[in-house]
Amino acid sequence: MARPREFDRGEALQKATKVFWDKGYAATSTDHLLKEMGIGRQSLYNAFGDKRKLYLEVLASYQDSTVAGHVRRLTGEESPLEGIRQLLAGIAADDDEVRALGCLGVGSVSEFGAADPELARMRDRTNRILTEEVATRVRAGQALGEIDGSLDVDSATGFVLLTMTGLQVAARGGADVASMRHLADFAVERLTA
């Protein structure tokens, strides 16, 4: 009996991420995944379960990575307002191919909405982390006099998060770096004291 071919699980997961990010869940066939990942059907089932379990793992990994990047940009500047600017501007990837993919998380919401409880829980966890981090920076910016103190913290936070989503959708729609960064600056100006 032939042994299944060995493969690098992390590399296969990265390749699956690219496929799901580009095509979404429904438009991705198992055969396409197998071809792109360079593995056999039994290897897929043994290592990842089925297509849905693979998608959930891809999405969880993607969310962990992107949220960490968002938080790094948001908190990497001493100035809370500049941190928010970096958060928004960072969505506009310099690489045209990466930028054109938009956001896998936003793509998941677009594809499934709130109909899938497991995906909704994953999205809510991500949203909770980002909401807390942005709200903390908004409060700090108000305390320093950088952000308009008359703004409601929850509304300002929601505005930043909605701007993020809009920029991610714009990226998927073909927006260029310059226009995305201009809109990020425009949004930050709305918060400025």
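1. A first look at the burial: of the 193 residues in the protein chain, 41% count as buried. Please keep in mind that this is a predicted model. The C-alpha trace spans about 70 × 30 × 30 Å along its principal axes.

2. On the overall fold, the protein chain holds 10 helices and zero strands. Read from the N terminus, the elements run α-α-α-α-α-α-α-α-α-α. As for how the chain meets itself, take the contacts between residues at least 6 apart in sequence: 71% of these join residues at least 24 apart.

3. Helix 8 (117–144) deserves a paragraph of its own. With 28 residues at 1.5 Å a residue, helix 8 should span 40 Å, and its end C-alpha atoms are indeed 40 Å apart, so the expected and modelled spans agree. At the N-terminal end, Asp 116 acts as a cap, with a side-chain oxygen 3.0 Å from the backbone nitrogen of Glu 118. After the other end of helix 8 comes Gly 145, which has a positive phi, near 80 degrees.

4. Which residues of helix 8 are buried? They are Leu 119, Ala 120, Met 122, Arg 123, Thr 126, Leu 130, Val 134, Ala 135, Arg 137, Val 138, Gly 141 and Gln 142. You may like to read that list with the helical repeat in mind: an α-helix has 3.6 residues a turn, so residues three or four places apart point the same way. The cover over the buried residues of helix 8 includes helix 4 (51–75), helix 5 (80–89), helix 7 (104–112) and helix 9 (153–172).

5. Now to the enclosed space. The count comes to one cavity of 30 Å³ or more, and the volume of the largest cavity is about 50 Å³. Its lining is made up of Leu 59, Gln 63, Gly 105, Ser 108, Val 109, Phe 112, Gly 113, Leu 119 and Arg 123. Two of these, Leu 119 and Arg 123, are also on the list of buried residues in helix 8.

6. Where does the lining of that cavity come from? Helix 4, helix 7 and helix 8 each supply at least two residues. Helix 7 gives the largest share, four residues. By class, the lining of the largest cavity has four nonpolar, four polar and one charged residues.

7. The open sites may interest you too, beginning with the largest pocket, which holds about 370 Å³ of space. Its lining has 20 residues, and the closest to the pocket centre are Val 106, Asn 127, Leu 130, Thr 165 and Gln 168. Leu 130 is one of the buried residues of helix 8. At least two lining residues come from each of helix 4, helix 7, helix 8 and helix 9. The lining of the largest pocket divides into nine nonpolar, 10 polar and one charged residues.

8. The second largest pocket holds about 280 Å³ of space. Of its 16 lining residues, Tyr 62, Thr 66, His 70, Gly 90 and Ile 91 are the closest to the centre. The elements giving two or more residues to this lining are helix 4, helix 6 (96–100) and helix 9. Helix 4 has the largest share, with six residues. By class, the lining of the second largest pocket divides into seven nonpolar, seven polar and two charged residues.

9. Two single residues are worth a click in your viewer. His 32 sits in helix 2 (residues 30–37). Is His 32 buried, partly exposed or exposed? Its relative accessible area is 23%, so His 32 is partly exposed, given that buried would mean under 20%. Leaving aside residues up to four places away in sequence, His 32 touches Val 19 and Lys 23. His 32 and Val 177 are 145 residues apart along the chain, and 31 Å separates their C-alpha atoms.

10. The other is Glu 78, found in the loop between helix 4 and helix 5. Glu 78 counts as exposed because its relative accessibility is 78%, where the cut-off for exposed is over 50%. Glu 78 lies 115 residues from Ala 193 along the chain, with 17 Å between the C-alpha atoms of the pair.

Key: Residues are numbered from 1 along each chain as its sequence is written. Side-chain values use heavy atoms; hydrogens and water are left out. On a 1 Å grid over the protein atoms alone, a cavity is a set of points where a 1.4 Å probe fits but cannot get out, and a pocket is an open set with protein on both sides within 12 Å along at least five of seven lines; lining residues have an atom within 4 Å of a point. Grid points are joined across faces, edges and corners, and a volume is the space filled by probe spheres set on the points. Ala, Val, Leu, Ile, Met, Phe, Trp, Tyr, Cys and Pro count as nonpolar, Asp, Glu, Lys and Arg as charged, and the others, Gly among them, as polar. The expected span of a helix is 1.5 Å times one less than its number of residues. Buried means under 20% relative accessible area, exposed over 50%, partly exposed in between (1.4 Å probe, protein chains only). Contact means heavy atoms within 4.5 Å. A polar contact is a pair of N or O atoms within 3.5 Å; within protein, one must be able to donate a hydrogen and the other to accept it, and residues adjacent in sequence count only if both atoms are side-chain atoms.
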